[in-house]
Amino acid sequence: MIEFLEVSKKYPNGTIALQDVSLHIPDGDFVFMIGPSGAGKSTMLKLLIREEKASSGKLMVDEFDLSKLSADKLPHLRRKVGLIFQDFKLLPSMTVWENIAFALFTRGTNDKEIADTVDEALATVSMSDKAASFPHQLSGGEMQRVAVARAIVGKPSVLLADEPTGNLDGKAAWEIMQILQKINDEGTTVVMATHNADIVRTLPHRVITIEHGKLVADHPTRKVKEEAKSK
Amino acid sequence: MNWGRMIQITKSRISRGPTHVVAAILVMSASFFVVTVFTFILIRSNIALSYFESLPQVTAFLKDSASPEEISNLQSDLQATGLVATSSLVSKDQALAKYKAQNAENPALLELVTADFLPASLEIQTKEIKDLQKIADTLNAKKGTVVEEVIFRADVVSNLSRFTTGIRNTALVLMALLLLSLTITSSFITGLQTYVNRDEIEIMRLIGATRAFVYTPFMLESIFYGIIASILASGLALGSMPFVLAWFSDLFKGVAAVQISPVVFAGIVGVSLVVGVFTNIIGSYIAVRRYARV
């Protein structure tokens, strides 16, 4: 569950990135976040992992109240929230397997559990055969699949994706969307910032529109729309 | 804290960039070497300065009428001040022998002088040069009873004191600058290593690694650099000591013993190690802090 209650973010240079945003995302939802560049989408994602702190308002992710979160609790939040970036952020000196395992390794998970879970995550993104490859040996789509595997290997309850298809061609983008859909179907909440109009139009998910730091539209899922119409 | 994992990450980082590791260790070793040798030179120079400071003395010429008991009492009084390093009585005969030795090339001067003509004297050296004036004052107070005259070159002593103090202060300032330079060098090197791994730091923080897990491997790495560089620098310093000692012997011939004490050397190495490791830890902490703020 994600809850924004009149959340604002003002940077020290005076830029207002978000203004009084209120929003509720229930568990298991799949939400697209759209809007022009600089609208505040990335800021919302950064607030959700406390890379940035809200200037005012209340922000909840599951049981974590982010306005009161102490530094020692921050790693616990970030273990509940998986992250996918447009530029993948893989470590070039590590193999695919090591990149994914690294997420668990830094959390102190035991070796046996790491081995099992990483293999499972690799299977989810159909990258088991590339486990020993290095990032520079992969295509953009494959690198993003590895990034997805790293994000889900810790079994987060929320997955945040910042333009995950931004650097990919059409085919690779749809493959990533299929994987994200599969992860969502298994119960993980997915919040995805995107500029890809095709994807947003085609998939029947809730769409939130942000402009100039304000929430200007919140379209429910196609399923909800159809239910509303039938009433 | 999972130390095994942290050591594993540290080893992995060190093995990933061998060229950088070698460069870092060499630069640090050179800095530590300079600090170690300079510290040694400072210590030896201080001993030499102390030797020069111990040379000046106060001479009190004694009255012919002064009895051995009065002279002994005077010596006891001086010793009781706690300031005196040596106090030697020069008898009339010894004074004549000295006079003859000093004027051996001028027989005309020797013919006129007998032991009775020269007074006995007390030659006093103090533990610290600044106390000579106090002793001279004490002796002047005894003038007319036991003491006939007090000879003390206050101006020469004052100049020497100013000179040695100046040298010591300059050495301390240079040492401080050298340590500052060592700290900056260490910070720069560990900072560079942190910069190379900045993406890893960012990813570690974003995927939920604890602060300790992010910082500790960098600290361990900098400790590793510090220890290896200190060992290398100490080895180099030990190897170069015969040359430094030979130079010292030439410079201060007959002044002060310049034997190197193993305890002093171990002390210098120990301090160099502690300072090196400490500055590295501080340097890497500052550098990681810069990139781990996500």
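Author: A residue is called buried if 20 or more other C-beta atoms (placed from the backbone) lie within 10 Å of its own, exposed if 12 or fewer do, and partly exposed in between. This is a predicted model, where local features need pLDDT of at least 70, side-chain atom pairs count only at pLDDT 80 or more, and totals for chains, interfaces and linings use all residues. Residues are numbered from 1 along each chain as its sequence is written, while chains are lettered from A and ligands numbered from 1 in the order in which they are written.

Reader: OK, let's test that. What makes D137(B) exposed?

Author: Its count of other C-beta atoms within 10 Å is 12. The cut-off for exposed is 12 or fewer, so a count of 12 qualifies. D137(B) belongs to helix 6 of chain B, and its C-alpha is 20 Å from that of V90(B), a residue 47 positions away in sequence.

Reader: What's the share of buried residues in chain B?

Author: Of its 294 residues, 28% count as buried.

Reader: And why is chain B called more spread out than a compact globule?

Author: Compare two numbers. The radius of gyration (over C-alpha atoms) is set against a globule rule of 2.2 Å times the number of residues to the power 0.38. For 294 residues the rule gives 19 Å, and chain B comes out at 31 Å, well over that, so the verdict is "more spread out". Along the principal axes, the C-alpha atoms of chain B fill a box of roughly 100 × 35 × 30 Å.

Reader: How many helices and strands does chain B have?

Author: Chain B has 10 helices and four strands. Both are DSSP runs numbered from the N terminus: H or I over at least four residues for helices, E over at least two for strands. Read from the N terminus, chain B goes α-α-β-α-β-α-α-β-α-β-α-α-α-α.

Reader: How do you know which strands of chain B are at the edge of the sheet?

Author: Look at the pairing, which takes at least two DSSP bridges between two strands. The four strands form an open sheet in the order 2-3-1-4, paired antiparallel. Strand 2 (84-90) and strand 4 (147-151) of chain B each pair on one side only, and that puts them at the edges. Strand 1 (residues 58-62) and strand 3 (residues 121-126) of chain B share four bridges, with F61(B) opposite S121(B). Helix 6 (residues 132-141) of chain B, the home of D137(B), packs on this sheet and touches strand 1, strand 2, strand 3 and strand 4 of chain B.

Reader: What about the edges of the six-stranded sheet in chain A?

Author: That open sheet runs 6-7-8-3-9-10, with mixed pairing. Strand 6 (81-84) and strand 10 (214-219) of chain A have a single partner strand each, so one side of each lacks a neighbour in the sheet. As for why the pairing is called mixed, strand 3 (residues 30-34) of chain A runs parallel to strand 8 (residues 189-193) over four bridges and parallel to strand 9 (residues 206-211) over another four. Strand 9 and strand 10 of chain A, however, are antiparallel over five bridges, with E211(A) facing K214(A) there.

Reader: What makes strand 3 of chain A "mostly covered"?

Author: Five of its five residues are buried. F30(A), F32(A) and I34(A) point one way from the strand, and V31(A) and M33(A) the other. In a regular strand, side chains alternate between the two faces of the sheet. In the pairing, V31(A) sits opposite V191(A) of strand 8, and M33(A) opposite I208(A) of strand 9.

Reader: Which residues touch the most other members of the largest nonpolar core?

Author: M33(A) is one of them, alongside L48(A), I100(A), A147(A), V148(A), A149(A) and L160(A), in a core of 83 residues. Such a core is a set of buried Ala, Val, Leu, Ile, Met, Phe, Trp, Tyr and Cys joined through C-beta atoms within 7 Å. Helix 3 (residues 96-105) of chain A gives the most, with eight residues. A second, separate core has 17 residues, including L62(B), A120(B), I124(B) and A136(B).

Reader: Where do chains A and B meet, and what counts as contact?

Author: Contact means C-beta atoms, placed from the backbone, within 7 Å. By that test, 15 residues of chain B meet 15 of chain A. On the chain B side, helix 1 (3-16), helix 8 (198-206) and helix 9 (211-251) give two or more residues each, and helix 8 has the largest share, five residues.

How values were computed
Contact = placed C-beta atoms within 7 Å. Axes fitted to C-alpha atoms, helices over the stretch in contact; angles between N-to-C directions.
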